[in-house]
Amino acid sequence: MKKLLLLCLFAFTLSLSANATLANTEKDGTVTGKVLDVNLNQPLPYVNIIIKNAAGTTITGGITDDQGNFEIKNIPEGKSFLSAQYIGYKTVTKEIIVDKGSYRIDLGNIMLEEDIASLDEVTVVAEVSSIQQKVDRKVITIGKDLTTTGATASEIMNNLPAVSVDSQNGNISLRGNENVRVLVDGKPTNVPAAQLLKQIPSTSIKSVELITNPSAKYNPEGMSGIINIILHKNINIGFNGNVNIGFAKEISPNFNSSIDMNYRNGKLNFYGNYGNNIGKSTNYGMIERFDNNTEQLFDFGNNNKSHLYKIGVDYYINDRNTLSFYTNQNIYDGKGNGTTDVLYLNNDFPDFRQVFNNSNENNTSTYNGAYKHDFKKEGHNISLEADYSTFDSDEFANFAFNDNTGYIDVVDNKRDNTVINLDYVNPLSEKAKLEIGAEYRSNNSDNIYDTTNANLFDSNYEYNRSIYSFYTTYGKTFEKWSYQVGARLEQYEVEANFAQDTQDNAKFTDEQFSIYPSVFATYNLSEKNTLQFSYSRRVDRPGLGQINPIREWSTPRVTSIGNPELRQQFTNSFEINYTKIIKGGSITAGTFYRNIEDEINRAVYIDPEDPTGESVILTYDNFDNNSAYGVEASTNYRPTKWWSLNASAEFYYRTVRGVVEQENVDVDNSTFNFRMNNNFKVTKSLNLSVFGMYRGQEKGLQNTRKPMTLVNTGLRYTFLEDKATFSFSYSDIFNSMKFAFDGTRPFPTKGEFNWESNQWRIGLSYRFGGGKYRALSRKQRDDNETQGSGGFM
């Protein structure tokens, strides 16, 4: 009996020891479960499962497998909260408690319900465009109202706050300044901005970012800022897409269409986008010169075809590693013709006529690859991205005159860009974040000009530029305010060679090291009132069109060429913005000030090769320091359930400096612009829109442009369960949009130019595919995450 008692006591002690050991090894818990669609009762793969403690700090997490199952380990004892997050579905949160006796928790089936509002954002183009003010940019989501009013990016840009497109030369400006950098999907392009905007169909655009004061994470080029055009890309599971077709006409017919598709199954997402613009356009105008009593009459026509392709694939290796590839291909075929008549009204000289014909074919190819690794801590990641693009353009131009003379120009342009980014992001805590990165950029160009003009010479211009960059930013958030400081270090090297038949080769080199600091601060006055301040130093490096000594374009009285001796222009930019959330929308108001060093601007000279002294050379030069300032305001507002609007107004002031025929000229210029886009919901399926714009008078070196006004109308009708949309628009209904001016330098003039702005347009779009399941949004290239948001936590 005594032995039996001793044996039982030993067994009991051993059991206690085993239980203690088991307790010590099972202090971390495990939770399992399965995620299903509540309506279909089918499993949802790749759902994001996040475990947070009672303070809201993320502890661990994972994703569901192909059958919707998950198993999350290493959950500490105590109370935690599990969240199942999936794009297009409402988040479900469950409380879990890990303690003695419940180290393994099975939650069973977790049912997710579709979020209709989120579904619209992911898969459907919004009916109405919206404007969102972020810490360093305005984000304009392009809705059906804007794609209705314009077939190309160039046409809808004039509808955006602070943006203007010159209808004569296609040059784009931001806050009244043409020194702006245009990106596509966050990447530079070899295509000249004026041509690029005419080649991108409006239906291919998802959103436009106006980045007026970029952070140190961004390339600092562009004095007035960056315009980033983001193209559509779907990530819906299954086969999905949109197709659009359109037709427009005033004088000449124009056709446009686009289609974007994606197929997502498991770990692979394939997507593609195609858009085209095919048609003719007409421009005409006149210039009167009072010093010699002449009148110039212009009549130009274009027949252009452009095709834009985007194809890509995302490979979700696992929940921490993503690999992405895409390519953009832009094919353009343009033919132009024009007649310029110079009429001598006093009959002292015979009338003069130039007939111009040209053809321009160019191909642009962009290839992009990216890899992203997410560390265990949420928001902690490293990414590597490489981008290579080429541009090959051939132009053949024939100039003929009424005295049976003429000449032929042949211009061949080849360019390539390489950009490599390495970015690292580390949330040091819930309220602090560190970002560091490095970038390499190279730009190479070879331009060949051959001519039969006896007064001109065959030329060859080679241009090579390399930039090495390193940046770091640090941001921290407090209870009511947050800040971010950063700096970008850049080594800039350029080498250019200009060869001409009549002279020795001219060589130009430049090398410079620069530091570009940036500061952002946000103060939340209340839940509905936010104040933002930002500062950045920027550079405007001369673009190829500004430095290329080979002619860009020519008329009988004006020739435009670049200046290879241009220096870099530096700008210190300050901004303050205030955002107020109101019932039915929001209002944003702000002011900016820019201090500019070695400003780049236009210079006009009498052509020394013209014995009559009536032709001019239009080029660029550096000038003394300058400043500019302005105020802006914009709003998204819904006065009633059936009426919504967005509106913006801007006032800018700057001194325009330049040279006109050896004379330094200063012109004080102030400009006021206003835009308003109204959308009226007549029925569930029918929407009407009215857009109005006023662009105030603007003074330049040579002339003063008169005010411009524009009113567009349109309607949209949805059918087939909202999958199809028919649209009709009538633009410039009062036929008031024209470029009229009075000039004083170098000759007293007045003039007016017109184009096909009084157009009617019809369109049809159709959305297809199920789109029931959404892909996990780890890295969306179109969100330009690699380039950086410049924001805070």
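# A walk through a strand-rich model

At 5% relative accessibility, threonine 671 counts as buried, and this residue makes a good starting point for a tour of the structure, which is a predicted model. Threonine 671 sits in strand S36. Its side chain joins that of asparagine 669 through a polar contact of 3.3 Å. Setting aside the neighbours within four places in sequence, threonine 671 touches Glu650, Phe651 and Tyr652, along with Gly696, Gln697 and Glu698. For one of these partners the spacing is given by the backbone: the C-alpha atoms of threonine 671 and glutamine 697 are separated by 6.1 Å, although the two residues are 26 positions apart along the chain.

Let us step back to the whole protein for a moment. The protein has six helices and 44 strands. Of its 793 residues, 52% are buried. Among contacts with a separation of 6 or more, 65% are between residues 24 or more positions apart. The protein exposes about 34,900 Å², and carbon and sulfur atoms supply 56% of that area.

Back at strand S36, one of the contacts of threonine 671 leads us on to charged residues: Glu650. Which residue does glutamate 650 pair with in a salt bridge? The partner is arginine 675, and the closest N and O atoms are 3.0 Å apart. Glutamate 650 lies in strand S35 and arginine 675 in strand S36 (residues 663-681), so this pair ties together parts of the chain that are 25 residues apart in sequence. Are the two partners buried or exposed? Glutamate 650 is buried, with a relative accessible area of 2%, and arginine 675 is buried as well, at 3%. Elsewhere, salt bridges that share partners join Glu439, Arg441, Arg488 and Glu490 into one network.

Strand S35 takes part in another salt bridge, this time through arginine 654. Its partner is glutamate 599, with 2.8 Å between the closest N and O atoms. This pair links distant parts of the chain: arginine 654 belongs to strand S35 (residues 643-660), whereas glutamate 599 is in the loop between strand S31 (585-597) and strand S32 (600-606), 55 residues away. Arginine 654 has a relative accessibility of 14% and therefore counts as buried; glutamate 599 is buried too, with a relative accessible area of 1%.

The structure holds 18 salt bridges, and another of them offers a contrast in exposure. Glutamate 495 and lysine 507 meet through their side chains at 4.0 Å, N to O. Glutamate 495 is in strand S25 (residues 481-500) and lysine 507 in strand S26 (residues 503-526), twelve residues apart. Here glutamate 495 counts as partly exposed because its relative accessibility is 35%, while lysine 507 is exposed, with a relative accessible area of 57%. As a general point, side chains of opposite charge can pair when their charged atoms come close.

Buried polar residues also appear away from the salt bridges just described. Asparagine 447 lies in strand S23 (residues 432-451) and is buried, with a relative accessible area of 1%. Its side chain makes a polar contact of 2.9 Å with the side chain of serine 445.

Now turn to the strands at lower residue numbers. Strand S2 (residues 48-53) runs antiparallel to strand S3 (residues 58-63), and five bridges join them. Lysine 52 stands opposite threonine 58 in S3. The two strands form a hairpin with four residues between them, and in the turn glycine 56 has a positive phi of about 90°. S2 is also paired with strand S5 (residues 78-85), again antiparallel, through six bridges. Within this second pairing, isoleucine 50 has serine 83 of S5 as its bridge partner.

The tour ends with the nonpolar cores. Which residues have the most contacts inside the largest one? They are Met157, Ile172, Ile200, Ile205 and Ile227, within a core of 26 residues. Helices and strands both contribute to this core: helix H4 (153-157), strand S10 (163-165), strand S11 (172-174), strand S12 (180-184), helix H5 (193-199), strand S13 (205-211) and strand S14 (225-231) each supply at least two of its residues. A second, separate core has 19 residues, including Val35, Ile75, Ile96 and Ile105.

Notes
Residues are numbered from 1 along each chain as its sequence is written. This is a predicted model: local features need pLDDT of at least 70, side-chain atom pairs count only at pLDDT 80 or more; totals for chains, interfaces and linings use all residues. Side-chain values use heavy atoms; hydrogens and water are left out. Buried means under 20% relative accessible area, exposed over 50%, partly exposed in between (1.4 Å probe, protein chains only). Contact means heavy atoms within 4.5 Å. Accessible areas come from the Shrake-Rupley method with a 1.4 Å probe; for residues, only the protein chains shown count as cover. A polar contact is a pair of N or O atoms within 3.5 Å; within protein, one must be able to donate a hydrogen and the other to accept it, and residues adjacent in sequence count only if both atoms are side-chain atoms. Two strands pair if DSSP finds at least two bridges between them. A nonpolar core is a set of buried Ala, Val, Leu, Ile, Met, Phe, Trp, Tyr and Cys residues joined through side-chain atoms within 4.5 Å.
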